[in-house]
Amino acid sequence: MATNTIYGQIKSIGLPNVKNYKRTDYNGAPQNWGIDQDKKGNIYFANDKGLFQFDGTTWRNYIVPNSVSVHSLKIDESGKIFVGGSDEFGYFEADYKGRLVYHSLSKILKQKDSKPFDDIWKIHIYKGEVLFQAFNAIYIYKNNVVKQLNAPIRFQFSFLVNDQLYIQDSEKGLLSYKSGKLYPLEGTTALNNTEVWGIFTLNKDKILVATLDKGLFIYQNQILTPWQTEANDFCKKNSSLGGISIKDKYIVLNSILSGIIICDYNGKIIQHINRTKGLQNNTVLTSFIDNKNNLWLGLDNGIAFVNENSPFTYFGFSYNISAVYASIVYKDNLYVATNQGLFYHSWKNNANNAIEEPFKLVEGTTGQVWNIQVLSNQLICGHNRGALLISGGKVIQVLDRVGYWDFKLIPNNPNYMIGSNYAGFSLFEKNAGGWHFKNKIDGHHGSIEDFEIDEKSIWIKKGPVVSQLFFSKDLKSFQPIVKHQKLTSKINMIESIRKIKDRVYFLSNNRFFKYSYELNQFYEDLYFSKLFKTIPKIKSINEDQLGNIWYVFNESLGVFMKQKNNGYKNVVGPFSNLTGDLMRNNASINTVDPNNIFIGLTDGLAHFDSNLSNKKTIKPKAYIREFSYPGNKLILGNGQKTVEKYTIPFDSNHLEFSFSSPSYENLDNLEFSYQLEGFDNQWSSWTKKSIKEYTNLREGDYTIKVKARNNYGVQSEIAQQNFTISPPWYRNFLAYVFYFLVVILAVHYTRTRIQMKIRKNKHYETLEQSRLYLEKETKIKQEQFELEKEIERLKNEKLKVELITKNKELVINSLQAVKKNKILNGIIQKLQDIDTESFDESAKFHFAKLNKSIVKEVSSDKSWKDLEKHIRNVHFDFLKRLKNEYPRISSRELDLSTYLIMNMSTKEIAEIMNISVAGVEIARHRLRKKLDLPQKTNLIGFLMSI
């Protein structure tokens, strides 16, 4: 079905996406009476609970004094939001913090007349005036003055259409307002017995009037006539509540009983959206077209957003279809294969034919339908219960009763078709009567979903293995079967097989390979590998009849659109709407023509118009909406005066920012990225979160930046806000000045104190030097005295040493004398042994004289006594210490101790003490006992340690 590509085109195929906002979403009253939009893109709603603002991420509620219900609103060029309600009207305007503050205008009237007035149901900004319309009067606000224009009888509603303001009076019909006066329109009194809820301009001299219960009328040349169209029939049946025009081409008509319709200027219904088709409520109180030609509806219970400015529309539960595995257009019918059966709907190449009724089930197809194809001009259905031939709404033939997945013609042999089923493959032949089952193909058994066929063989993939099957000549079996587990020596995995441009391709990690029968090997197709190099890893691909290559990645969809130069253009953004809704491992793409592309979903069917998606995509806008810190909240972008930089106290350095982008078409896929210059080194990752907190920021200058990315992948310009965090009181400028002054004073004080101390120290230094001189002099004298005493002591010690030395020498000499006496005694003994009888007298005389002389020498020698005396003198101190420590020791043992420390041998000690060697040992043993020495302790060492 061809469709126009004009911006603002309303599609007659399927339904646009409808986003419902419940009262719990915006936390307000059910009924919404008016809608408007400001320059920033924020949407406002007149609600029974006040004024509501929505920026795409956050709902905000602003209350009119005394909790007055708001029934109407209008925003002027300056950003003032004029509202009207029960016995009250005025405007909201942002203060310096961005909070919308209410200013009452009705109090001007109440100062003159305290009587309450009717509800304000309509507000118009018209030629420099703001008109608040109630049932009894119109209140005109201009230059801070409010004037009152009373109704001739009673006003109903008013409408500003094509720079003309119309008001209905209960008896005068339609009135025209000009320069503070009302002028009746002739021929409109026929409307007195009904309520006019909408007026639309069809051309310069023809207007359309929508009434509550009498339908639609054309007013032209002062004549009022019924508009006999489909739209009129709908309004008379369901009661119209007015509506709005779309781009001077379509009209939205609200109703009480059945949602809305969108009709063209000929009254032909293009779309009908009601509760069964997505709205949460059938009563539509107001409608509004936003700055992107999307439709907002104020409902009797909630709010709805209708994405009219999208290349997508949908067939879902309201059309009686569920999960779609395949679709095809055949002989003026659109067929869809679902998990519940095969469904169809009339499809004609007529732009005025809206698909309104649900799809119908093809008789006999209840159950799982895997595929629907047209082969050789016959419609074949792959069903859980067999291969079925379809015509119209019936199954005309069951070709085989085994469950079938897919069917493909055999190349160069168009009269034969192969079908993959739950048990293997079967062959079908076409004759004059059409397709019929011929035979089962032996040689391969088991269910195969994924297979392709070329001129020489069939390729099937099951698990990691790709098998190559060759037909026998009679097409009754496969022989032989060749298995391929890898593409090259380095590429072991074959992920999928698919036919593109009549060639079978083997895919592995976005690389495309073909098979050479001559070389019996796989080789890479560099063109397609390069084409998909930068694409995320694909799960499957599919070439449509126009040569576009569709691919699935991460549960998302993309397409390389075929261009006139045979190149490709990658398109991904529009399909982000479908992420997560595609059939897993069964992506179904049915391209009828560029205007009509059907995509199978888990809960229905999507219709895509590629020409609409080729329109220039408008960049989204990003805003920093809230900027809050402890004790303060700033709402930016509400029309307040722009502040270049905010200053925040240090003790409030816990900041929270909220972002918005009034891109309402697909808020679920709206993402933000932000950066705080002065803190973050780089931009954050894209996230759906619209709030960011920063804590414990140091003092300094910062810039918060944010950008948005819509569902088309288009990024906004960067929005930013500068702010400064003041240093704490102990680090601010005055504190540093104070610190500087303190340092200066401290330096001055210290310098003065040092100078005083220096002077004082000099005085004390002089006294100290005098004292030190006296001390030194005294010390010198003392040292001289000590030196003299030391010299005296040294002299005494020298004498003592000399005495000890002489005593030691004397002991040595005495020992030598003792030895000499011993020798002489020996000589005497030997002389006594000589027989002198043989000597002559002279010899005897001399012998006796010699003997006497030797005896005299020995007898007269006092060396022993001298020796004992001197030994005791030399070792006096030792003997004294030994005696003090061991009082029981005898004089004889003291002598033995002295001989031992003199290192005399046992033999020498025996001679000196005139005892035997054994006697010395006995004396040593007795000495050890007196000293209480253990057996292992060395006696001499012990004595020397005393």
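Biologist: Which residues form the nonpolar patch on the surface?

Modeller: In this predicted model, where local features need pLDDT of at least 70, side-chain atom pairs count only at pLDDT 80 or more and totals for chains, interfaces and linings use all residues, the patch consists of Trp-729, Tyr-730, Tyr-736, Phe-738, Tyr-739 and Val-742, together offering about 680 Å² of accessible area (Shrake-Rupley, 1.4 Å probe, only the protein chains shown as cover). Residues are numbered from 1 along each chain as its sequence is written, and side-chain values use heavy atoms, without hydrogens and water. Patch members have over 30% relative accessible area and no salt bridge (a Lys or Arg side-chain nitrogen within 4 Å of an Asp or Glu carboxyl oxygen), and nonpolar side chains are joined within 5 Å.

Biologist: Why does Trp-729 count as exposed?

Modeller: Its relative accessibility is 66%, and exposed means over 50%, buried under 20% and partly exposed in between, so Trp-729 counts as exposed. Trp-729 lies in the loop between strand S64 (719-725) and helix H6 (733-832), where helices are DSSP runs (H or I) of at least four residues and strands (E) of at least two.

Biologist: Why is helix H10 described as largely enclosed by the rest of the structure?

Modeller: Of the 11 residues in H10 (residues 891-901), 9 are buried, so the helix is largely enclosed. Among the buried residues are Leu-894, Leu-896, Tyr-899 and Ile-901.

Biologist: What follows H10, and what is its phi?

Modeller: Asn-903 follows H10, with a positive phi near 65°.

Definitions and conventions
Patches are made of residues with over 30% relative accessible area and no salt bridge: like charges are joined within 9 Å, nonpolar side chains (Val, Leu, Ile, Met, Phe, Trp, Tyr) within 5 Å. Buried means under 20% relative accessible area, exposed over 50%, partly exposed in between (1.4 Å probe, protein chains only).
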